[in-house]
Amino acid sequence: MSPADLVEVNAQPSPEAPPTPELTPEVLELPAEQILEAIPQASPAPLAPLAAEPGLPLQFLNQLLQKLGAARLQSLADLLPAARLLLLAGLAGMALRLTGATLGAINEIPLLGGLLELVGLVALLNFLARNAFKQQKRAELLERIRKLRNDLLA
């Protein structure tokens, strides 16, 4: 295959690319090395920049590390709140993973997943029938919810 076979005139040059030198018959009579030097080489594409804002876990971890780096630690007891927070986050992650695996296993058992959905639907309809159809019951339910919310937030 000769260098002339490698030349392909098929598209317009992109605005970022330098103009392609014309391959006239005089240029094609040059040695192959010089022709290859005349053909522009593609440069590697730049790497995509990192996202300006990392995801929530990375952002939280970055903030935690910055606070730990800026804190003046007198003893290991000063690290205890951060260690507790990391331990709780790890335990929450493990609990979510275990719950997901358990629900996935239950869903794999034939008819059991659908049966549990039906039980949940019946329980929801029963709750609505007892508490939501009559105005007096709705008012009592809303009052209980407000009281619970105030007790939890206060």
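**View 1. A nonpolar patch on the surface of the predicted model.** Ten names go into this one, so here they are in sequence order: Leu115, Leu118, Val119, Leu121, Val122, Leu124, Leu125, Phe127, Leu128 and Phe133. Together they make a nonpolar surface patch of about 940 Å². Pick out Leu124 in the middle of that list: this leucine sits in helix α6. Its relative accessibility is 45%, so Leu124 counts as partly exposed, the range for that label being 20% to 50%.

**View 2. Where α6 meets α7.** Zoom in on the place where the two helices touch. On the α6 side, the residues to look for are Phe127, Arg130 and Asn131. Across from them, α7 brings Lys137, Arg138, Leu141 and Arg144. Phe127 is worth a second glance, as this residue also belongs to the nonpolar patch of the previous view. The axes of α6 and α7 (residues 135-153) come within 8 Å and cross at roughly 110°. Angles of 65 to 115 degrees count as roughly perpendicular, and α6 and α7 are therefore roughly perpendicular to each other.

**View 3. Asn131, a buried residue in α6.** Is Asn131 buried or exposed? With a relative accessibility of 10%, Asn131 counts as buried, because the cut-off for that label is under 20%. Leaving aside residues up to four places away in sequence, Asn131 touches Lys137, Arg138, Leu141 and Arg144. Those four are the α7 residues named in the helix crossing above.

**View 4. Leu111, in the loop between α5 and α6.** Here's an odd one for the backbone fans: Leu111 has a positive phi of about 70°, although this residue is not a glycine. Leu111 is found between α5 (80-108) and α6 (112-131). Is the residue buried or exposed? Leu111 has a relative accessible area of 75% and is exposed, since anything over 50% earns that word.

**View 5. Stepping back to the whole chain, all helices and no strands.** Zoomed out, the protein shows 7 helices and 0 strands. Read from the N terminus, its elements run α-α-α-α-α-α-α. How many of the 154 residues count as buried? Just 5% of them do, and Asn131 is one of the buried residues. The protein exposes about 14,200 Å², with carbon and sulfur atoms supplying 65% of that area. As for contacts with a separation of 6 or more, residues 24 or more positions apart account for 20% of them.

Definitions and conventions:
Residues are numbered from 1 along each chain as its sequence is written. This is a predicted model: local features need pLDDT of at least 70, side-chain atom pairs count only at pLDDT 80 or more; totals for chains, interfaces and linings use all residues. Side-chain values use heavy atoms; hydrogens and water are left out. Buried means under 20% relative accessible area, exposed over 50%, partly exposed in between (1.4 Å probe, protein chains only). Contact means heavy atoms within 4.5 Å. Accessible areas come from the Shrake-Rupley method with a 1.4 Å probe; for residues, only the protein chains shown count as cover. Patches are made of residues with over 30% relative accessible area and no salt bridge: like charges are joined within 9 Å, nonpolar side chains (Val, Leu, Ile, Met, Phe, Trp, Tyr) within 5 Å. A salt bridge is a side-chain nitrogen of Lys or Arg within 4 Å of a carboxyl oxygen of Asp or Glu. Axes are lines fitted to C-alpha atoms, for helices over the stretch in contact, and angles run from 0 to 180 degrees between N-to-C directions. Angles under 35 degrees count as roughly parallel, over 145 as roughly antiparallel, 65 to 115 as roughly perpendicular and the rest as oblique.
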